Amino acid sequence: MKAPTKHKKLIAWVNEMAKICQPEKIVWINGSEEEKKKLEEEAISTGELIRLNQKKLPGCFLHRSDPSDVARSEKLTYICTKRKNDAGPNNNWMEPKEAYKRAREIFSGSMKGRTLYVIPFSMGPIGSEFSKIGVELTDSIYVVLNMRIMSRIGQEVLDQLGTNGSFTKCMHGKADLNPDKRLILHFPEDNTIWSVGSGYGGNALLGKKCLALRIASYLGKKEGWMAEHMLILGIEKPSGQIQYIAAAFPSACGKTNLAMLVPPEGLKRKGYRIWTVGDDIAWMRIDSDRGLWAVNPEAGFFGVVPGTNSKSNPNAVKAIQKNTIYTNVALKPDMTVWWEGADGEIPEEALDWRGRPWKPGMVDETGSPVRAAHPNSRFTAPISQCPSISFRLDQHHGVPISAILFGGRRARLAPLVYEAFEWNHGVYMGSTVASEKTAAAEGTLGEVRRDPMAMLPFCGYNMADYFQHWVDMGNRLEKKPRIFHVNWFRTDKNGNFLWPGYGENLRILEWILYRCEEKVEAVKTPIGYVPYPKDIDITGLSLPKGTLQELLSVNIHEWRQEQEDHEKYFKQFDSAFPHELLKECNSLKRRLG
Ligand code: GTP
Ligand code: SPV
Ligand code: MN
């Protein structure tokens, strides 16, 4: 196929990659409906996609990924900078020459007899000064169809790129999906990504975590802006004014749910409304008003399926009724889908996420229940289908951010909400975020690890320099967003969540807005400002007596241990580690007595 562009460097690169992979043909993706139909038909003929019940779920498909390929492979993800120190202690590092060589061997001849698709895509609205263009090469139709939902793709992007525009080179191939031959390589110095041996999510949709976080965070440091693992939402107040919040929680810790929040019954009378700008990634920069402004570079949701229902996330349920790709969920006999925590009855029979017969109550060799859907099963759906979509999603300028939230899954210790004393204290709070591991990445579930700013798996350079960048941004900001830490996941001694979460989290967002507007006082504790229980509106919520107090309590003894752990954690960083954060660490120690 003749290249629909006169961009010589782009054409040369596509040819160079094709020479390595040896596809039978090259297809340039233009983004049309016709092209989409054709790709869907082809994917159905090979089994890559299963067409779902088109009456009940129009435009929807099921994809089953290889059972060894169901989450991000952090151990196989590398930052390949010339100097090891530029990748820092938190990243796997490989020397670029070695990295290219190893991946080239796996790519070599891997597309024989198959098609190489060329996907031009824009992260952020096409033509916005803040958007970045990438071109992904892939042999996976599933990837093409997902990228079509997750980003803006096709001829328009090529036109924007012109004959000489710069773009991130994103090379992807499934090869044989053997984890021993899987590598997800980032070359920030070459503006290049090479991913081979996985067809799954963040490993394969290279615009998302690879470009919009790892490469973009590196560019942001260089160019003076930030790429963060954050949702963006607008809260429309009864007055009609909308304030915007950005929140960083680790993978599978509640970003999508918070971004689409529906006000609970008890707060409805107040007339709040939530507008969704983004559920996973925020690009933020300082505007001429010296405030922080954010855009969502994505155009779709790649959301966690299990637990999604009309009670937990009604907006998501509505958003995934059409034009949605489901990955690794269960298939019912009527060709609709099911998952643990879905609406309605548990089906009497189904095919599980691997396509094996499944019945309720089935147990495996170890006696544990067999799950119908994989815990990290996902939906891919256009943001435009979300009833709470913000009217500012496509605006080139983005939205002004009033507050930044950090959070994680902590069964103990971290109160429901607390506020930083000022920016650098907030950066310190972010740099020490810890969370229990979830199914979004391969590895041990439940293990608590530090995940600074929820960016541990996504920062494309040395984390010490990243912390410094946060401090520097604060110095440049005149209208600094206030910084908070939230924890929806505190449990009682039987392991039950103390806080109902989901829509009820609006009660906490309300307090956060009150603080931004200086409407309420707060209790000054050693770790930050904690709400007076009376300032959290719990109308219509049946919390057992004393629960709110427990949720807001700060255990000094436990926090002393936590602070010591922060100190140990910081030791892994070298001299580039900002002294401002060491100072914060010492101040916390002093305040704890
Ligand atoms: P990624 O897409 O991996 O980045 O995840 P995410 O941060 O968007 O998480 P998501 O909103 O998909 O939620 C992940 C899991 O946490 C789901 O199983 C939710 O049901 C659960 N969850 C979300 N919000 C809450 C909450 O407020 N309380 C409790 N207990 N669980 C929640
Ligand atoms: C995450 O793991 O944070 C996700 C899913 O949002 S993935 O696209 O696989 O990274
Ligand atoms: Mn995520």
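**Exercise 1. Find the polar side-chain contacts of ligand 2 in this predicted model, beginning with S251.**

Solution. Start at S251: one of its polar side-chain atoms lies 2.5 Å from an oxygen atom of ligand 2. Next, go to K209, where a polar side-chain atom is 2.6 Å from a ligand 2 oxygen. Then turn to H229, whose side chain has an N or O atom 3.3 Å from an oxygen atom of ligand 2. With a cut-off of 3.5 Å between N or O atoms, these pairs count as polar contacts. To finish, look at the cover: on its own, ligand 2 has 280 Å² of accessible area, and the protein covers 98% of it.

**Exercise 2. Which residues surround ligand 2, and which helices and domains do they come from?**

Solution. First, list the shell: R72, G201, G202, K208, K209, H229, S251, D280, F302, R378, A440 and F458. Now sort these residues by class, which gives three nonpolar, four polar and five charged. Next, map the shell onto the helices: α6 (201-204) and α7 (207-223) each supply at least two residues. Last, check the domains. Domain 1 (8-30 + 73-223) and domain 3 (228-296 + 393-591) each give at least three residues to this shell.

**Exercise 3. What polar contacts does ligand 1 make with T256, D280 and R409?**

Solution. Begin with the backbone: a polar backbone atom of T256 is 2.8 Å from an oxygen atom of ligand 1. Move on to the side chains. D280 places a polar side-chain atom 3.1 Å from a ligand 1 oxygen, and R409 has a side-chain N or O atom 3.0 Å from an oxygen atom of ligand 1. Then consider the area: ligand 1 taken alone exposes 660 Å², of which the protein buries 91%.

**Exercise 4. Where does ligand 1 sit, and what makes up its shell?**

Solution. Step one is the site: ligand 1 sits in the largest pocket. The elements giving two or more residues to its shell are α8 (255-259) and β18 (300-304); α8 gives the most, with three residues. Step two is the count: 21 residues surround ligand 1, the closest being A252, K255, N257, R378 and Y502. By class, they are ten nonpolar, seven polar and four charged. Step three is the domains: domain 2 (48-63 + 301-382) and domain 3 (228-296 + 393-591) each contribute at least three residues to the shell around ligand 1.

**Exercise 5. In which pocket does ligand 2 sit?**

Solution. Follow ligand 2 into the protein, and you will find that it sits in the largest pocket. Now recall the site of ligand 1: that ligand sits in the largest pocket too. D280 then links the two exercises on contacts, as this residue is in the shell of ligand 2 and has a polar side-chain atom 3.1 Å from an oxygen atom of ligand 1.

Definitions and conventions
Residues numbered from 1 in each chain as written. Chains lettered and ligands numbered in written order. Predicted model: local features only at pLDDT ≥ 70, side-chain atom pairs only at ≥ 80, totals over all residues. Heavy atoms only, no water. Near = heavy atom within 4 Å. Polar contact = N/O pair within 3.5 Å; in protein donor to acceptor, adjacent residues only side chain to side chain. Areas by Shrake-Rupley, 256 points an atom, 1.4 Å probe, with all protein chains shown as cover. 1 Å grid on protein atoms, 1.4 Å probe; cavity = no way out; pocket = protein on both sides within 12 Å on 5 of 7 lines; lining within 4 Å. Sits in = over half its atoms within 2 Å of the grid points. Helix = DSSP H or I, 4+ residues; strand = E, 2+ residues; numbered from the N terminus. Nonpolar A, V, L, I, M, F, W, Y, C, P; charged D, E, K, R; others polar. Domains from an automatic or database assignment.
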